[in-house]
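Please examine the model shown below. The account after it considers an annotated site and the relation between two chains.

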4 protein chains.
Amino acid sequence: MMEFEESGIGEECGVFGCVAAGEWPTQLEVAQILSLGLVALQHRGQESAGFVTCNGASPPTYTTHKGMGLVSTAFPPEALQKLRYGNLGICHTRYSTTGISELQNCQPFVVDTLHGKIAVAHNGELVNAHALRKKVMRHGVGLSTSSDSELITQLLALTPPMEELDAPDWVARIKNLMMETPTSYSLLVMFKDVIYAVRDPYGNRPLCIGRLVPVSKLHSSGDGEEDTEGWVVSSESFFFTIIVLPGEIVQISRHGIKTLSVVPRPEGDLPAFCIFEYVYFARPDSIFEGQMVYTVRQRCGRQLAIEAPTDADVVSTVPESATPAALGYAQQSGLPYIEVLCKNRYVGRTFIQPNTRLRQLGVAKKFGALTDNFAGKRVVLIDDSIVRGNTISPIIKLLKEAGATEVHIRVASPPIRYPCYMGINIPTKEELIANKPEFQDIAGYIGADSVEYLSVEGLVSAVQEGVNSILNDKVISSSNKSSKRVGHCTACLTGKYPVELEW
Amino acid sequence: MMEFEESGIGEECGVFGCVAAGEWPTQLEVAQILSLGLVALQHRGQESAGFVTCNGASPPTYTTHKGMGLVSTAFPPEALQKLRYGNLGICHTRYSTTGISELQNCQPFVVDTLHGKIAVAHNGELVNAHALRKKVMRHGVGLSTSSDSELITQLLALTPPMEELDAPDWVARIKNLMMETPTSYSLLVMFKDVIYAVRDPYGNRPLCIGRLVPVSKLHSSGDGEEDTEGWVVSSESFFFTIIVLPGEIVQISRHGIKTLSVVPRPEGDLPAFCIFEYVYFARPDSIFEGQMVYTVRQRCGRQLAIEAPTDADVVSTVPESATPAALGYAQQSGLPYIEVLCKNRYVGRTFIQPNTRLRQLGVAKKFGALTDNFAGKRVVLIDDSIVRGNTISPIIKLLKEAGATEVHIRVASPPIRYPCYMGINIPTKEELIANKPEFQDIAGYIGADSVEYLSVEGLVSAVQEGVNSILNDKVISSSNKSSKRVGHCTACLTGKYPVELEW
Amino acid sequence: MMEFEESGIGEECGVFGCVAAGEWPTQLEVAQILSLGLVALQHRGQESAGFVTCNGASPPTYTTHKGMGLVSTAFPPEALQKLRYGNLGICHTRYSTTGISELQNCQPFVVDTLHGKIAVAHNGELVNAHALRKKVMRHGVGLSTSSDSELITQLLALTPPMEELDAPDWVARIKNLMMETPTSYSLLVMFKDVIYAVRDPYGNRPLCIGRLVPVSKLHSSGDGEEDTEGWVVSSESFFFTIIVLPGEIVQISRHGIKTLSVVPRPEGDLPAFCIFEYVYFARPDSIFEGQMVYTVRQRCGRQLAIEAPTDADVVSTVPESATPAALGYAQQSGLPYIEVLCKNRYVGRTFIQPNTRLRQLGVAKKFGALTDNFAGKRVVLIDDSIVRGNTISPIIKLLKEAGATEVHIRVASPPIRYPCYMGINIPTKEELIANKPEFQDIAGYIGADSVEYLSVEGLVSAVQEGVNSILNDKVISSSNKSSKRVGHCTACLTGKYPVELEW
Amino acid sequence: MMEFEESGIGEECGVFGCVAAGEWPTQLEVAQILSLGLVALQHRGQESAGFVTCNGASPPTYTTHKGMGLVSTAFPPEALQKLRYGNLGICHTRYSTTGISELQNCQPFVVDTLHGKIAVAHNGELVNAHALRKKVMRHGVGLSTSSDSELITQLLALTPPMEELDAPDWVARIKNLMMETPTSYSLLVMFKDVIYAVRDPYGNRPLCIGRLVPVSKLHSSGDGEEDTEGWVVSSESFFFTIIVLPGEIVQISRHGIKTLSVVPRPEGDLPAFCIFEYVYFARPDSIFEGQMVYTVRQRCGRQLAIEAPTDADVVSTVPESATPAALGYAQQSGLPYIEVLCKNRYVGRTFIQPNTRLRQLGVAKKFGALTDNFAGKRVVLIDDSIVRGNTISPIIKLLKEAGATEVHIRVASPPIRYPCYMGINIPTKEELIANKPEFQDIAGYIGADSVEYLSVEGLVSAVQEGVNSILNDKVISSSNKSSKRVGHCTACLTGKYPVELEW
C-alpha cells in the first residue's frame, strides 16, 4: 500500500513549473498555480518544498522560498505573498533519500553566473554523480551541498568556458551536460524569461507539459494561442498530455513551447522509463506513454488473477492504492469485490512509539475491520507491493481475528530485490523481504494462507500493452517506425540497469 | 462526502476514557491509550483536543493538557510525557460549532470542589442550556466559558448542597443533573479513581464501553477478569460492543464496570439516537445498536436503488464516505461498480483562496478524474448527503469534461431541512440547499442529468432493519419485551424534535 | 542585583488598565496603550501576559488574549489587531510563584454573571485564600484554577445573593469582598464601561492612576478635562502620581475618576506597604508615597555608608539595580565611584547547563571585568540584596582574578529571613542564605574580604524619611493630622506580619 | 547610545572558534564553548547565528546548524545536542547590512572540495568584492549567495589549481587570497583538524586568540601546555589578550598555536584598525592593541571635557554605552556625575508602530526620567555618537519636561559623514545628521541648549595614547622598532580610505 513512511520506498521528487502567456506583468497568479501544482505532486515528496519565481525582466529579479514539510506547512500565506510578482517560476517537492533533510539541500537551486542567475529543479539521480562531483571539484569549485541539483547547476555554469556574451548559449550547455550523464533526470532550468524542460535520453523520469486555458474556454475545441493563459510543466500529467520525450530539450516562454534539440541514446539502447511509476509512485489519474496509470494497475490485477488464481469467496484491497488492482482481479476472477478495511486518515507517525504493544494498537487504529462484510469468508487481499513485510502482517491478523476464515495475499507487482541508482529510495538489500530467509516461507512469516506475486513478465506485458510507442520515442528512423521501440527500467526487480554503472 | 469543512455539517465532539485494571501504579500506558483513542475519534472533531489523567490516589493528582488542532499537533511528546503517570484518564476532541474556538473552551473541564477535583468531558448539546446557565448564575456562580461542559460541572457541584462528607454522592448529583436536562449528552465524569459514563435518557449521542485485553490473550475465549488490562469508554465502538444504554450511569473502576442507575424517559417517549451517526458521522466500522455502520450505509444504497433506479452504465462513489452506499446500489441495481475519482489527500484549506478561478483549480486538484474508466459512459454517482450543494457541482463538471455522457446523482440520505439543537452543527436554514429555491430544479442547478434523494421512510427502515432493540433500551417491562421500542432522532430531516424545546 | 531568575525572589504581578475619555468609539488605541503599559511593568512578571478589552456597549463585548512569556512574545500583531476595538481594558503580567505556570492560570479572569461579564486582574496574595476557597466551594461553586483572581471573581459574584436587577451594585460586592480579606491586593475590576481600581486597607501592594494627555498639550499647565484623552491605572507610577489610597475604591469611567468608598483598617493598625517595592521590585523612576524609588535607594546607600564604612579605594555596583545605592555610598563615604563590571544583556537562562564548569563560564560571560579600572585597588561592591548567595560568589572571584586586592561587599538591605504570604515569592526558609549555617561566616563563604548588611532600622528610616504621609492614608481624623500614620510591611525581614495569619 | 536598531549603524559580524587541546575525543564541550562565545559576541550581530563543528578525524565529519535571530533562539537544546561531538568548531553571528537576511546567507560557509570540506567564517567586507565575484564567475563558478564568505570559500578552492594531493596547501591558498584582496577581513578557516585564523594586512577588523585553562588552574602562574584545555579565537578579547596581527595567518590545532606567515602591507602604508571598534562596537571590557576599550572611552570623555567644557550643574549619560565617557567627562570637568535616565530592558521593536503618537509613548517607556536627581538643574548629557538624530530628541524633551533647566549634549565622537566599505553598516549619506542642513543648527533641531562633538584629532589622540605599537604590527625592521607604526581607519569621519577603492 502506498505508505512511504512504512514501506521505506520512496520517489525522490516532483518538479513543476509555470510560464504566464501574453503580456507581462501577467494577471495569472503564478505563485498560486505553482502551489497548486506542488500540492498535486505532494505524494512524490513530503520532506521539503521550494519555489523560485522570476519577473522575467532585464535584469531579472528572482524570489525564492524554501521550507521543510508539506507545501501547506512550508508555504504560509506570507511566502506566497512574497512570491507573487513572478511571471514565471519553478518549484520542487522532495522526498529525502539520504537522511540529510536540511533546508540547504532543498531545491530549486539558484546560482549567479556571469550571465545572471539560473534556477534548477531536478527529479532523478545522476548515475555518475560521484565522478561528476570530482570533475567539478578538480576544476576548483567548492560544492556546498550533497544535492545533484547543485552539481547540475555548477556543471551548467562550467562548460563550455564562460564568456561575457550578450546571449549565453544555455542550450549548448544543457546538451553538454546531457552528454556527460546519461540518466536519470527530468530537469527544469529557468533563466530570465524562459524555462527549459529537459528529460534524459532514457526517459527514466517522467515530464509533461500542459496549457492553461481560461475556465470559460475549457469546452471550446479551438486550440488557438489566444486562449492560452500560460504553460505548465510537471512530473505528472493531471489534465494535460504533452509528454516531454526522452532526450528532448523544450523551451517554454510566454510565446509558447518549442523543441530545441533531442539528444539521442546510444545505438541499440531502448528507453528505460521507470516501471515503478506505474506500480507505485504516480497518481492513478496520471497519463504516461499514452495510458492512464489506473488502467495499468487494473491490468496488473487482471494479470495477477490469471497467474495466481485463488479458491476464495471475496476479493478486497488494502486501501487505497491497491484498489484498481483489486477491482481488476475481481473482474478477471469473477469473485465479488468488497471492502474489508476502513482507514483512519488521521493516523500519522507521531504517536507510534517503539513498543510492540502500542505499535500493534497503532496499526489496529490505522485500519478498522469491516467485520460484517467478510466474517466467515475466505478473503483474497490484493496489495500493490510488499517491500519489508512489516505492515501486511498485522492487517492479516486483524482480518483473522475479525472472522476471516482464510486470508490469501496477492501482490500486484514482483518482489523488489535490487537497489535503484536512479532516484528511487529503496531499503537496503538486507531489509527487502525478498532477500530475507523468511521469504522462503513468506506466507507463514506474515501469517497468510498463501502469498503470490505478479511475475516480472506479467508486469511488463501489463504495462507495455497500452503504451503509445510514438510518445515514447520521437527519434525513430522512418525504416523502423513500425517496430515498437518500447522499454522500461525494471532494475529493482531484475538487477538489469539501463546503463553500465561506474563507481 | 464526509468533508466537514465543505459541507458545513459537523459533529460536536468525541469523548474517550480509560481506567487501568489491577494494581496501581499500572504498567498500562494510559496516556498512550488515550491518545490512540482520540486519534480514532479524530473524525468527530479537529479543532482542539484535551486530556486529563489522574493517579487515583488520596488525595488524587490530576494532570491536564489541552491544545488546538489535531491530536498529533496538540500533543507533542512532552505533553504525553507529562500525562504518563495517570492510572485513569479522560479526553475529548472538539468540533467547534460556534466559532469561539479558543483554548479555554476546550474540554475536559476540571474544577475543584469541596470534595476534590472532578473532570468532565461531554458530547452533545443541552437543549435547555440557556435556562440552566441562568439558574446557575442566579445562584451566584460566575461562568468563565460558553461551554456546556463547564455548565454541567458547576451543576454537579451545586445541587444538592455540598456537605463536608467523606464520600460525596456523585451518583445522586449526576441523577439530579439528568432530571434537569433531558438531552443530549454522553458524559464522562472522572473523580479520583473512577469514571462515571453517562448517557442521556433518549440515548441521543452514542457511548460504548470496552475491555483491554493483552495481545497474547486476544484469541482466548475466556472472559476472565484476570485477563483484563483495563477498561475504555468511547463515543464509538471500534472493537468493543458494550453499549451504554439510554439513561444509564455506569461506574468504571479498576475493579470493573457496574451499572449504578438507569434514569427513565417520560412515559411513552421513544429513544432518539441520532440517525446521522449512521448516515454521516461515525466510522464505518463502528457498531451501534448491534449493527455495523458500514452495513447500514450499504442498505441505504440498496434502498436508494429501489426507490430511485437509473438507466445508466456504471455506478460510482464520491470517495471515500459514499463507497458503501455505492456498492449497495451497484449490488441492488446490477450495474457494475467502478471508480471515477481519485482524491488528493494533501489538499487542505490552506491554499484555497476566495477567488473563483483558483477555487475551481483547487477542486480540480482535490479530485482527479479516472477518465478511461467512464469516458463515453452514463454514470450514477452516489453521494452520502448534499448539504449546501457547492461541492458536488464542480465534480459533475469534471466528470462531464472528462467524457461522461450522463451524470446522475443519487443521494443516500434525505435532504436536511431543519436545525439541530442536540450537538450537530448544521448550516443555517437559509444555507441548506433543500430550503433554497434552486432545490426545485436541483439537477439543473448543479449540472446533473438527474438528482434523487433517499426518502425519510427509506432511511429509517434501512437503519431499523438491523437494530438489536434489547441493546437500545434496557428499561422495558417484561410485558412489552416483544414490542420493538426503537426510535431515532430525525429532527433535522423532519423537524420533529424528541423533546419540546424551551427557550 | 535585580535578577529574579537567579535570586529566586519575585513579585507576583503587575496590573494595568486604560479607559478612553470622551466619545466612544474612541480614537485612542487602547490595546496599544495596554501593551505599552504592560511592557513598562514587564519587570514585575515575565511568565505570562493577558489582556481583556471591552467596547463598553450594552450589552458589552469582551475580547481576551493571553499568552505565555514576555509581552512581546505573548502578543503578536494579530492579537493586538483582535483587541483593538476596545474602549477600555485591563491587563496583567505574571510572575508565577507556584510553578503551575499554565495558560489557564493567567489573568485577567473573565466570568459571566447574571448581570453580564466582569473581568478581574489582581496583584497580591490573599492571606486567607485557603479559607475563602473552602467557603466558595461549600456554596457549591467549582473552582477551575488555583488562582486568587478566579477566587475573587467568584466571591464578587456570590455575595450578596444575585438578583435580576437592572443595575447590580458592584461597589457593595467589592466592599463585601474587602471585609472578608484584609490583604494583600490591588485589584482592577472591569464591568461594561467602568474599571474599579481597588487597594486593600493595608495598602500592601501599590496602585496609581494617571491621565493621558495629548502630546501637544503636555506642556500646557491647564488641567482641563477637555485635554484628557483617557485614564490609566497601573501598579507603578511612571509619569503620573495619583496614588490609590489604602482601602480606596476608585471608579474610572470615560467621564473621569471618582472615589466611591474607602474601607478602613481595624483601629490602631498602621498601613503596611511592602518595603521591598523600594528595595527591589519597582522601577527606579516609580513614585510611591510621594517619593522616587531611586532616591530611596540612594538614601539606603548613604545610610549603609554610615552603618558600615569601609577602608577601601573605590566604590562600585553590581549593575544595574544597585547603582543608586552605590552612588549614595560613594557620596556619603567620599570614595570615588567607578564601574568594575560590564554586563552582557544577551545572556539568558538558555545555555546555562547544570554543569559547574560551564556555569562558571556562564557567569563569567554575563559580566565582564573592567580590569584597568580597579586592578591593584581595594573595592567596595554594593549589592541591593543577597538572597541565596550563589551569584555574588563568582563575581567576587572574577574581580579578584582581574586584580582587585580586596573586595568588600555592602548590601543595601537587611537579610531576608522569613516567607512572604502577601504576593512575593521568596525561596524556602532553608534556601535563604541568612538562615544557613554559612551565614555565620558569610564573607568566607562567598570569598569576600568583608560583608555587611543595612540594618532593618536603617532601611525603615531611609524609606520613611521621604514619605508624604497624607498620600499614605487618607482616613485620618482632623485631630491626628499632624501625627505620621506611616507604616511599612517588613515581614520578610522581621517575621512581623501586618495581620494575624489564619490557616 | 549603543542601539543598532535605532542609530542604523551596525557591525557586520562576530566570529568565534574553539579547538580542544590534548587527546580526542575531547571532554571539552566544544559546542557549549562556541555558544558561550557567540553570546559574548551577540552585540556584534543579532540577525542570525551559525555553527560548524568537526570531529577532526580522517575523513572528518562536519556538523552544521544555522538559525535566524539571537543565539538563544537560533540554538535550541536539540541543536547543541546535534553539534556536541565536535573536537573543534567555528561560529558566526551576523548583522545583516543588506536587508537580505535569509538563512542561506548565514555563515559559516561549508563547501566540499577535492581535498574535503572547508568551513569559513568571515568578519569584514571585501573592498573589491565586485571584481572578485566577476573573476570567480568568469571561471565558470556559480555563486549561490551574495555573501562575501561564499566568495572567499570559492576563491580558496579555485587558485592555485586543485591537485589530488595528499596534503593540500591551504596556507598558500590563503596567502593567494590575501594578495587578491587587501582588506577588510578577519577570517576563520576550518579544515579537518585545524583552524586558520587570518587577519587582513591592514588589521581593519579585530581578532584575538586565547587559551582555555581549567578553573582549578586559573590562579596558577604556570603557562605550561599541560594546563591548556583548548584554544579559542574570537573577534573580541574577553579574558585573553593574544592579538592576531595585521596580515598574520595563525594555525590553531590541538597541539597549540603557530604563526605560519605574515602577509605585509604595501610599503609605507600604516595599519588601519577600525576606530569605531573603540567608539561604538566593542564590549567595554575588550582589549585591542594593548588597551581596554572602556579606558579609551573614558579618555574620549576627558578629551571632550577639554575641547567642549560646559557651564552646568551635573554630568550624566545616555545609558548604557556612553557611561565611561560620561564618567571621564565628570572627572575632567569636576562636575558631579549622576543618573538621569533609567532604561526598560524589555522594550524591543515589536510594539513600536509607525505612528508618531505611539512612537513618542514608546520612547517615553524605553527611558524613565529620574526626576528628583536633576529637577531644577543644568544637565550635560554625554552620548557616544549621534548618527541620525532621531533618538536623542525625545530624550531631551523628556528631561526638560521632568524639570531640567538646561540640557547640553556632548558627543564623545566626531560626526559620521562618509560611508564605510569595510564591513560597517552606516546609513546613507543623506540620512546622516552631519550631512543634513539641520546640522547647521543641530541644537535647535534636537531641542538642546547646546551640542558639541569630539574632534577627529581628539578621538585619534585619545585612542593612540594607549596603543601598544608592538602589538599592532609585528612586521617592523629592527631599525625602526622605536618609531610608532600606529594607524587607524577614520574613513567614515574623514573620507580617507586606507586603500584606493576600485569599482
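The following paragraphs treat the annotated site first and then the symmetry.

The structure is a predicted model. According to an unreviewed UniProt entry, A:Ser321, A:Asp383 and A:Asp384 carry the annotation "binding site". In sequence these residues are spread over 64 residues, yet they cluster in space, the largest C-alpha distance being 8.0 Å.

Two of these positions can be placed within the secondary structure. A:Ser321 belongs to the loop of chain A that runs between strand β18 (314-317) and helix α10 (323-333). A:Asp384 is likewise found in a loop of chain A, between strand β21 (378-383) and helix α12 (392-401).

Are these loop residues buried or exposed? The criterion for a buried residue is that 20 or more other C-beta atoms lie within 10 Å of its own. A:Ser321 has 21 other C-beta atoms within 10 Å and is therefore buried. For A:Asp384 there are 24 C-beta neighbours inside 10 Å, so this residue also counts as buried.

The second topic is the relation between chains B and C. A turn of 179° with a shift of 0.1 Å along the axis lays chain B on chain C with an RMSD of 0.1 Å. The two copies are therefore related as by a two-fold rotation axis. Both copies use the same surface, in that 100% of the contact residues of chain B recur in chain C. Which residue of chain B comes closest to the rotation axis? It is B:Val141, whose C-alpha lies at 3.1 Å from that axis.

Note on methods
Residues are numbered from 1 along each chain as its sequence is written. Chains are lettered from A and ligands numbered from 1 in the order in which they are written. This is a predicted model: local features need pLDDT of at least 70, side-chain atom pairs count only at pLDDT 80 or more; totals for chains, interfaces and linings use all residues. UniProt positions are given in the numbering used here, feature names are shortened, and annotations may be inferred rather than shown by experiment. Helices (H or I, at least four residues) and strands (E, at least two) are DSSP runs, numbered from the N terminus. A residue is buried if 20 or more other C-beta atoms lie within 10 Å of its own, exposed if 12 or fewer, and partly exposed in between; C-beta atoms are placed from the backbone. Copies are superposed by least squares on the C-alpha atoms of residues with pLDDT of at least 70 in both. Two residues are in contact if their C-beta atoms, placed from the backbone, lie within 7 Å.
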